[in-house]
Each structure stands twice: as structure tokens, then as C-alpha cells.
Amino acid sequence: MSNKVNRAQRRRLFLSNFIGFSLIFILLGVIVFVLFGRAMLTSTDQALRVEESARLQGPPKPFQHKTKFQANVQNQHPFMTTTLVYDQQGKITNKLQLGSRYDTLKDIKLHRSQVGQLKTIKVNGKFNFRTLLIKAPKSTNDKNVAGKYLLIMENIDPQKAAMRNFTKVMLITMGVFWLLSILMSVWMSRLTMRPILRSWGRQTEFVGNAAHELRTPLTIIQNKLEFLLTKPNDKIIDQAANIAIANSESQRLQKLTHDLLALARSDSNTLQTNFESTEVADFLQYTVEPYTEIAASQGKKLVLAPVPTFKAVLDQDLIHQLMNILIDNALKYSPQGSTITVTAQPLGRKWQLIVADQGIGVTGRDRARIFDRFYRVDTSRSRQTGGNGLGLSIAHWIVDLHHGTITVRDNQPKGSQFVTTLPVNPPKNGHHDAKK
Ligand code: ADP
């Protein structure tokens, strides 16, 4: 099911990327193409206009000043420009001047209505010309053209050929890039989907695990209640054991939902943190205090080693919760008569908090995994101790929020040390993405 959704999602992403790329390429192609075509005709049209003004002014006198532009254009197109002179009847009158070109051009008709207009025409089915029809006033110096129609023609075959070449190159280039854009779209949709897939997988696993964890205590409570219903005449004292079990399971449920809520909050990044400068020694004293009694009641010893006086910026509620998790675990996983030691010390711009126990310890492979959600080294054992495998992942998230690190190492001669290293002044904006 989830795979199908992912594939559909990826296909949609791919399509939108691909359509986006294609649109950009097509738009770019059209713009370049239009601009190129227009630029080509513009220079021809300018040449025609220059020729027009030259014609209307009569042949230039030898010492007449020419603008630089006119000089250039005329030098550039000395043989490209042809002029057909028509009389009032539409007959070509400069046959002699045209020479051999006359045969090719003789069929071009005069369209009097097109005076002043720029046109593109095809002659004999193969030569392309850009034309400008003008009517020379009677007063023109050049007697040969006075009062006649002049069709100034500029051959644009080279431009057409260039345009064809350009179109070919353009189409090939665009084709290649279009193909590349397919690859690019595939790659981009993969890249975009990767984090989504990862968090999707994590979320599915999390929900699955959570449901499983919730089901066990619920089933036990249900069984116990159903059993009690079969003994309506018993006194509470007779069923105290069963009731106690149901009660402890409901406490378990409560802790579990509480932890799940904390993790859900950590996922959605909605938690409001409250970082404040804190005197660490006092804060730890106050946090550890209640646990010394609990430890004593279990025949264990909890010691807070003397803490040097220093301040650190931290969220007191969250670090309190972290201490609860670590001390709770230390108590859970160590035998009677053992000692749990809490130490804290500044280390330059950081400070370290260590909770050391003399318990069962954590070995190699498990060291990295115990911070994963729902991971427990010994499932049956931690079930007895009321664990749900979420404590350390919450601890990890809290440490992440403080831009710190948490690791576990061996305690000498036995047990484990949970070492939390936190910055004295955590950066306020944006926190690390909790990975677990
Ligand atoms: P749990 O609720 O099961 O204690 P945690 O996330 O707090 O879940 O811990 C994960 C697992 O790490 C535990 O099940 C246990 O196997 C191991 N662990 C945690 N703390 C200690 C410790 N102080 N000593 C030995 N093992 C520990």
C-alpha cells in the first residue's frame, strides 16, 4: 500500500519536474528563435531604408557627408541590393541596368497599394527577397526615376540559410537538453522523495510499535477485569494480586501515552522551549534529591558527587526529564547494594553530566541502538521493570534540542556510564533534527 502511494507520488513529482523543464526549454527556444529572426530582418530592413533615403535624395555627391552607418551598410551589401524601376503602367524601365538579373526579376509585378511597406517575397520559387516599394517624387534629382515606382530589393537567402542552420542546431540542442531534463527529473524526484520516504518508514514503524506496546497492557487489564467478573462474590482482598497487576499495567499505559506524546511533539517540532541560565550544582541537587529515597527503598545508593559552581543555559524541565530517564534506568538495570553516581563538570564551553551505575551494562552493538525508539536489549527483563524502550529516545531528543551529545560507555569495574555533553550556551535558533 505505502509503496503504491510512494510510487504514485514519485511519478507525480517526476511529471511536474519534467513539465516544468520542458516548458522552460520551449519558452527559451521560442524567445531565442523569435529574437534571432527579428534581428536578422531588422538589419536587412535598415539597409532598405538607407537605400530608400539615398534614392530619394538622388545620387550622393562625391563630397557629400555620409553617416557612418550608411557607409557601413552600403559597404556590407554592395551587390545584394537591386532596385526595380516601374513606370506608371507597371513596366520595368531599368532593364539595361539590371542586365542578366532582368530575366530572373521580370515577373515581379508592381502593387501600387504597397508603397512604403516592407515585404518578404519569393522569386522564381527559390530566391528570397525583402522588398520596400517607394514612389520617387517628380522633383527627385535623378531624372531616370523621378515620378516612378522603385522596388528596392535585398536578397535574404544567406539570412534564410543561417536561420535554417540555426533552427537545426537549436532543435538538436533542445532535444538533447530535453532528454537530459528527463534524467534530471528522475534524479530530482528521487532526491525529493528520499527524506519523505525515510520519515514515512520511520513513522509507520513508530505507529506499529506504539500500537503493539499499547495492546499488551490493555489485554492484561482486560483479562484481569474479565476474571474479576467471574468472581462477583469475592472480596477485594481476595483478588488484590490481580487488581494490583491491572493497576500497574494501567500505570504503564499512562507512562507510555505520556512518552508517546513527548515523541510526537518532538517530531512535529512544536515544543516551546524555555532556556534559562541555571546554577547547575543547585539544579542537580534539587533534581537528584527525590531519587535518593527511592534508591534507598530499593537497597541502592544514589550519590551526587560534589559539583563545581558554574552556570549553564538550559531548559530546566527538559533536563529534569533527562535526569529522570537516566536515573530511572540506572536504578532499573542495577542490582541491590550497588551505587549510582551522578557527576557534573564544566569543560570549557561545554559541560558534562554523567550518570554511572554498577548494573548490567550495555555491550557493543546495543550501544548505538538503545537510543532508538522501542529498542530494548532484553525485552522480557525490561517488561518486568516497566520499560517501554522510549526513555532513551526521549533523552536523545532532549539532548539534541540542547545541541549536545549523549553516549554510553563502560563503567569500571562494571555497569555503564551515560555521558551527556551539552554546550554552556546552546544556540537559540533552529535545533538539530532529532534522528531517532
Ligand atoms: P526502557 O524503558 O526499556 O528502559 P530506554 O529507552 O530507557 O527504555 O532504554 C532502552 C534499553 O537500553 C533498555 O531496555 C535497556 O536494555 C538499556 N539500558 C538503558 N539504560 C541502561 C542502564 N543504565 N544499564 C543497562 N542497560 C540500560
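How far does an N or O atom in the side chain of Ser416 lie from a nitrogen atom of the ligand? In this predicted model, the separation between these two atoms is 3.4 Å, and the legends below set that contact beside the others made by the ligand and then turn to selected residues.

**View 1. Polar atoms of Ser416, Leu392 and Gly391 face atoms of the ligand.**
Whereas the Ser416 contact is made by a side-chain atom and reaches a nitrogen atom of the ligand, the other two pairs shown here use the protein backbone and oxygen atoms of the ligand. A polar backbone atom of Leu392 is 2.8 Å from a ligand oxygen, and a backbone N or O atom of Gly391 lies 3.3 Å from an oxygen atom of the ligand. On its own the ligand has 530 Å² of accessible area, and the protein covers 98% of this.

**View 2. The ligand takes up the space of the largest pocket.**
Helix α8 (316-332), helix α11 (391-401) and strand β11 (416-423) are the elements that each give two or more residues to the shell around the ligand. Of these, α8 provides the largest share, namely 3 residues. The ligand is surrounded by 21 residues in total, and the closest of them are Asn329, Tyr333, Asp357, Asn388 and Leu392. By residue class, the shell consists of 10 nonpolar, 8 polar and 3 charged residues.

**View 3. Leu392 is a buried residue of helix α11.**
Leu392 belongs to α11 and is among the residues closest to the ligand, to which it also presents the polar backbone atom found 2.8 Å from a ligand oxygen. Because its relative accessibility is 7%, below the 20% limit, Leu392 counts as buried. Arg373 is 19 residues away from Leu392 in sequence, and their C-alpha atoms are 7.8 Å apart in space.

**View 4. The loop between β10 and β11 contains Pro413 and Lys414.**
This loop connects β10 (405-410) with β11, and the peptide bond that joins Gln412 to Pro413 is cis, with omega at about 0°. Lys414, in the loop between β10 and β11, is partly exposed, since its relative accessible area of 43% lies between the limits of 20% and 50%. Although Lys414 and Asp357 are 57 residues apart in sequence, their C-alpha atoms are 7.9 Å apart in space, and Asp357 is itself one of the residues closest to the ligand.

**View 5. Asn124 and His403 are loop residues with positive phi values.**
Asn124, which is not a glycine, has a positive phi of about 55° and is found in the loop between β2 (118-123) and β3 (127-135). With a relative accessible area of 48%, Asn124 is classed as partly exposed. His403, likewise a residue other than glycine, has a phi near 60°, and its position is in the loop between α11 and β10.

**View 6. Thr343 is a partly exposed residue of strand β8.**
Strand β8 spans residues 339-347 and includes Thr343, whose relative accessible area is 23%. Thr343 and Ala356 are separated by 13 residues in sequence, while the distance from C-alpha to C-alpha is 8.3 Å.

Technical notes. Residues are numbered from 1 along each chain as its sequence is written. This is a predicted model: local features need pLDDT of at least 70, side-chain atom pairs count only at pLDDT 80 or more; totals for chains, interfaces and linings use all residues. Side-chain values use heavy atoms; hydrogens and water are left out. A residue is near a molecule or strand if one of its heavy atoms lies within 4 Å of it. A polar contact is a pair of N or O atoms within 3.5 Å; within protein, one must be able to donate a hydrogen and the other to accept it, and residues adjacent in sequence count only if both atoms are side-chain atoms. Accessible areas come from the Shrake-Rupley method with a 1.4 Å probe; for residues, only the protein chains shown count as cover. On a 1 Å grid over the protein atoms alone, a cavity is a set of points where a 1.4 Å probe fits but cannot get out, and a pocket is an open set with protein on both sides within 12 Å along at least five of seven lines; lining residues have an atom within 4 Å of a point. A molecule sits in a cavity or pocket if more than half of its atoms lie within 2 Å of its grid points. Helices (H or I, at least four residues) and strands (E, at least two) are DSSP runs, numbered from the N terminus. Ala, Val, Leu, Ile, Met, Phe, Trp, Tyr, Cys and Pro count as nonpolar, Asp, Glu, Lys and Arg as charged, and the others, Gly among them, as polar. Buried means under 20% relative accessible area, exposed over 50%, partly exposed in between (1.4 Å probe, protein chains only).
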